Amino acid sequence: MYKIQTLNNISVKGLEKFPRETYEVASEIQNPDAYMLRSLKLHNVDIPESVLAIGRAGAGVNNIPIEKMSARGVPVFNAPGANANAVKELVLTGMLLGCRNICQAWECAKNLTGDDESISKEVEQVKKKFVGFELPGRTLGVIGLGAIGTSVANMARDLGMNVVGYDPALTVERAWQLSSSIESANTVDELLAKSDFVTIHVPFNEGTKNLINARRINTMNDNAIILNFSRNGIVNDEDVVEALNAGKLYSYICDFPSNLLKDHPRVITLPHLGASTGEAEENCAIMIADQLKDFLENGNIKNSVNFPQVKMPRVSGYRMAIANSNVPNMVGQISSILAETGHNILDLLNKSRGDLAYTLLDVDTEITKDVVDQIKAIDGVLSVRTI
Ligand SMILES: NC(=O)C1=CN([C@@H]2O[C@H](COP(=O)(O)OP(=O)(O)OC[C@H]3O[C@@H](n4cnc5c(N)ncnc54)[C@H](O)[C@@H]3O)[C@@H](O)[C@H]2O)C=CC1
Ligand SMILES: O=C(O)C(=O)COP(=O)(O)O
């Protein structure tokens, strides 16, 4: 019986992927084989040794101690692209809320008093305060052209906007998906100088912390709108508020409220709603459940953020999955132990990614605990599992 512990609300459509006969899935469970979570911060959680894999039902993995898991030989999975449409639609919503002053206008409408005739009169007076601007012909800068950024960029082109994108690690797959009319910027500064709206779709890490700061805001066009549906910390909120107060920026739309932001008249904050649609939650949960299941049952790895992609069809009932440091002679030492203990290797796949390597091998006879212990004892072996 495999045990999956859910640390956040996960769509039942994903949880249904785990057959009840072979899986126990619960939010409270002893010695889980895998964690399934969304945004819960795992950095200060004591993760039990029983955990063989972590599945993030979403895109961002900055809530997970990836290096610590790599050192244990534990793969971390995410669900690339599974919530991209939900974020794209919220970015569009955010652009329109911002450029048409919708939230401020709605607040004003809610505060109208008197009979309906006086409300109608008042409406004609106040509406001039909320005159906005339209999207076609404006320029949207998209920082990060991954699953979300690409989809946002194409959408903006379809709406008649000019689009300039920046991503120093743009993949070939994304380049194929991007509309050919999207302009490429060589630097963030070049993108900012051209944009009326700037939207950020990069992961949070040391390289993207404070990516949008006072110096960069000062290089932007006056009255630009910044949208942050990526992560708290990528945009320096203090600097943005200062620029809003100085009349440099038009508005700031983001998914990460704080005391500084939530009541500011030119800021719209949402409670981390980017991926909160039934569709996105289902897509993410199903993708992660499939990946965890294939890893637990077969050792295969798809969409891990720290392990290589590995898929090997099964040729016998005796499989071993080994994670080790990516150093010479690991496969040699492992196969020597198997040969010495009378196992014939029927199939073997070894792949590496950075400092990690991962080996799947099928043998003709059952692998005993003693053999597992001998392989575990090899210097550099991080985790060993028989499946
Ligand atoms: N608000 C919400 O609910 C959601 C937020 N997110 C956030 O959005 C981020 C992006 O998600 P996806 O597009 O699905 O990820 P992705 O991995 O498909 O794309 C990220 C892109 O950013 C690029 N990138 C990395 N560092 C960069 C830099 N310094 N400058 C420019 N580009 C850079 C990468 O090359 C990659 O193409 C996630 O990491 C997560 O933090 C994702 C989903 C929902
Ligand atoms: O996928 C992401 O990176 C998100 O930020 C979505 O977070 P959530 O799953 O809604 O807690």
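## Exercises: paired strands, a buried loop residue and a ligand shell

**Exercise 1.** Work out how strand E9 is paired and covered, beginning with its partner E6.

*Solution.* Strand E6 (residues 139–143) and E9 run parallel and are joined by 4 bridges. Strands here are DSSP runs (E) of at least two residues, helices are runs (H or I) of at least four, and both are numbered from the N terminus; two strands pair if DSSP finds at least two bridges between them. A quick word on the model: it is predicted, local features need pLDDT of at least 70, side-chain atom pairs count only at pLDDT 80 or more, and totals for chains, interfaces and linings use all residues. Residues are numbered from 1 along each chain as its sequence is written, while chains are lettered from A and ligands numbered from 1 in the order in which they are written.

Next, find a bridge: Gly141 has Val198 as its partner in E9. Then turn to strand E10 (residues 224–228), which pairs with E9 in the parallel sense over 4 bridges; here Ile200 is partnered by Asn228.

Finally, check the faces. In a regular strand, side chains alternate between the two faces of the sheet. In E9 (residues 197–200), Phe197 and Thr199 on one side and Val198 and Ile200 on the other are all buried (20 or more other C-beta atoms within 10 Å of the residue's own, with C-beta atoms placed from the backbone; 12 or fewer is exposed, in between partly exposed).

**Exercise 2.** Place Asn306: is this residue buried or exposed?

*Solution.* Start with the location: Asn306 sits in the loop between helix H11 (278–298) and strand E13 (318–325). Now count: Asn306 is buried because 22 C-beta neighbours fall inside 10 Å. Beyond neighbours within four places in sequence, its contacts (C-beta atoms, placed from the backbone, within 7 Å) include Ile66, Met69, Ser70 and Leu356. Asn306 and Ser70 are 236 residues apart in sequence, yet their C-alpha atoms are 6.7 Å apart.

**Exercise 3.** Describe the shell around ligand 1.

*Solution.* First, list the residues: there are 31 around the ligand, and Gly60, Gly144, Gly146, Ile148 and Gly274 come nearest (C-beta atom, placed from the backbone, within 6 Å). Helices H3 (84–99) and H6 (147–158) are the elements giving two or more residues, and H6 gives the most, with 3.

**Exercise 4.** How confident is the prediction?

*Solution.* The protein chain has a mean pLDDT of 97, with 100% of its residues at 70 or more (pLDDT is the predictor's confidence in each residue, from 0 to 100). The model scores ipTM 0.99 and pTM 0.97.

Definitions and conventions: Contact = placed C-beta atoms within 7 Å.
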